[in-house]
Amino acid sequence: MLGKAAGLPADQVFLDLEDSVSPLAKVGARANVVAALAGGGWGERTRVVRVNDWTTQWTYGDVIAVVEGAGADLDCVMLPKVQSAEHVVALDLLLTQLEKSLGLEVGRIGIEAQIENARGLVEVDAIAAASPRTETLIFGPADFMASINMRSLVVGEQPVGYDVGDAYHYILMRILMAARTHDLQAIDGPYLQIKDVDGFRRVAGRSAALGFDGKWVLHPGQIDAANEVYSPAQDDYDHAELILDAYDYYTSEVGGMRGAVMLGDEMIDEASRKMALVVAAKGRAAGLLRTSTFQPPKD
Ligand code: GLV
Ligand code: MG
């Protein structure tokens, strides 16, 4: 699996020491993770290790083993089941000591915080603000569903009997608000039915529509769908670039210094530019190429 992961078109790879590793294998797994990171070959992918959460006996040992063994080859530590700002601060302090003692750049290793239970969600603003290392908030649907006693065993799907909307809406929005308030990425968690790519697409589509930046994939078969769902459609990308060019032109001296103008049937202004910037940035990040250009009107 590790060998295969290095060649897949995913933006990030995370190597797990937490829930996919059985308790008896946890300590031994650290060396596998170190070897995989230090062995290189990950290209541009963000390299992340998920350690065990602070309520276990493994967290400090995971962090020390991984950073001592492969700190220079690690971009972020993912901290699961974060329940308070102190959890993030504790990791930040440990990373800082390790970086100092190993001669690594202090503060380079980032933190990805998983929000996976009721307490984590209630504390999400403080968690998001707890450390400048924090880059990402991640929704952990499986643990979350268990934590609130949600009546379903199918992660991401609507619980039976809930027929009036999306049972995850509040959680997703709460995490998204905290992420945007503190300039962090918002990432959706796993979809466990790995053969059901339509199901993956459906669930991913909801968080993508709200503004989430991406979603975990558990299997190579989910990657194309994820890249597609979280990237803008070509038409929307073209339209966003058009709005940006048009707005630049019309607000300039030669374009008449106008702040609100018609672009086709649509009025555009500064708020349109901001919306277009979001879509254009996502399209550029996804490697889309524009298929049309803005033509200033001839006088
Ligand atoms: C992921 O860790 C989850 O609990 O969904
Ligand atoms: Mg979890």
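**Exercise 1. The sheet**

Work out the strand order of the open sheet and how its strands pair.

*Solution.* Start with the order: the seven strands of this open sheet run 1-2-3-4-5-6-7, with parallel pairing. Next, look at the ends. Strand 1 (12-16) and strand 7 (214-215) each have a single partner strand, so one side of each has no neighbour in the sheet. Keep in mind that this is a predicted model. Now zoom in on one edge: strand 6 (residues 185-188) pairs with strand 7 in the parallel sense, over two bridges. To pin one of those residues down, take Asp 188, whose bridge partner in strand 7 is Lys 215.

**Exercise 2. Helix 2 against helix 3**

Classify the packing of helix 2 and helix 3 from their angle, then list who touches whom.

*Solution.* First grab the geometry: helix 2 (residues 26-38) and helix 3 (residues 59-70) have axes 9 Å apart, at an angle of about 30°. Angles under 35 degrees count as roughly parallel, so helix 2 is roughly parallel to helix 3. The handedness comes next, and this crossing is right-handed. Then the contacts: helix 2 brings Arg 30, Val 33, Val 34, Leu 37 and Ala 38, while helix 3 answers with Gly 61, Asp 62, Ala 65, Val 66, Gly 69 and Ala 70. Sorted by class, that contact has seven nonpolar, two polar and two charged residues.

**Exercise 3. Domains, and the second helix pair**

Find the domain bounds, then do the same packing analysis for helix 11 and helix 12.

*Solution.* Begin with the split: domain 1 covers 2-229 and domain 2 covers 234-285. Their centres, taken over C-alpha atoms, are 34 Å apart. Now the helices: the axes of helix 11 (residues 234-251) and helix 12 (residues 270-285) come within 8 Å and cross at roughly 135°. Only angles over 145 count as roughly antiparallel, and helix 11 and helix 12 are therefore oblique to each other. Helix 11 passes helix 12 in a left-handed crossing. On the helix 11 side, the contact residues include Asp 236, Tyr 237, Ile 243 and Leu 244; across from them, helix 12 has Arg 273, Leu 277 and Val 279 among its own. Finish with the tally by class, which comes to nine nonpolar, two polar and five charged residues.

Note on methods. Residues are numbered from 1 along each chain as its sequence is written. Chains are lettered from A and ligands numbered from 1 in the order in which they are written. This is a predicted model: local features need pLDDT of at least 70, side-chain atom pairs count only at pLDDT 80 or more; totals for chains, interfaces and linings use all residues. Side-chain values use heavy atoms; hydrogens and water are left out. Domain bounds come from an automatic or database domain assignment. Axes are lines fitted to C-alpha atoms, for helices over the stretch in contact, and angles run from 0 to 180 degrees between N-to-C directions. Helices (H or I, at least four residues) and strands (E, at least two) are DSSP runs, numbered from the N terminus. Angles under 35 degrees count as roughly parallel, over 145 as roughly antiparallel, 65 to 115 as roughly perpendicular and the rest as oblique. A crossing is left-handed if the near helix is turned anticlockwise from the far one by less than a right angle, and right-handed if clockwise. Contact means heavy atoms within 4.5 Å. Ala, Val, Leu, Ile, Met, Phe, Trp, Tyr, Cys and Pro count as nonpolar, Asp, Glu, Lys and Arg as charged, and the others, Gly among them, as polar. Two strands pair if DSSP finds at least two bridges between them.
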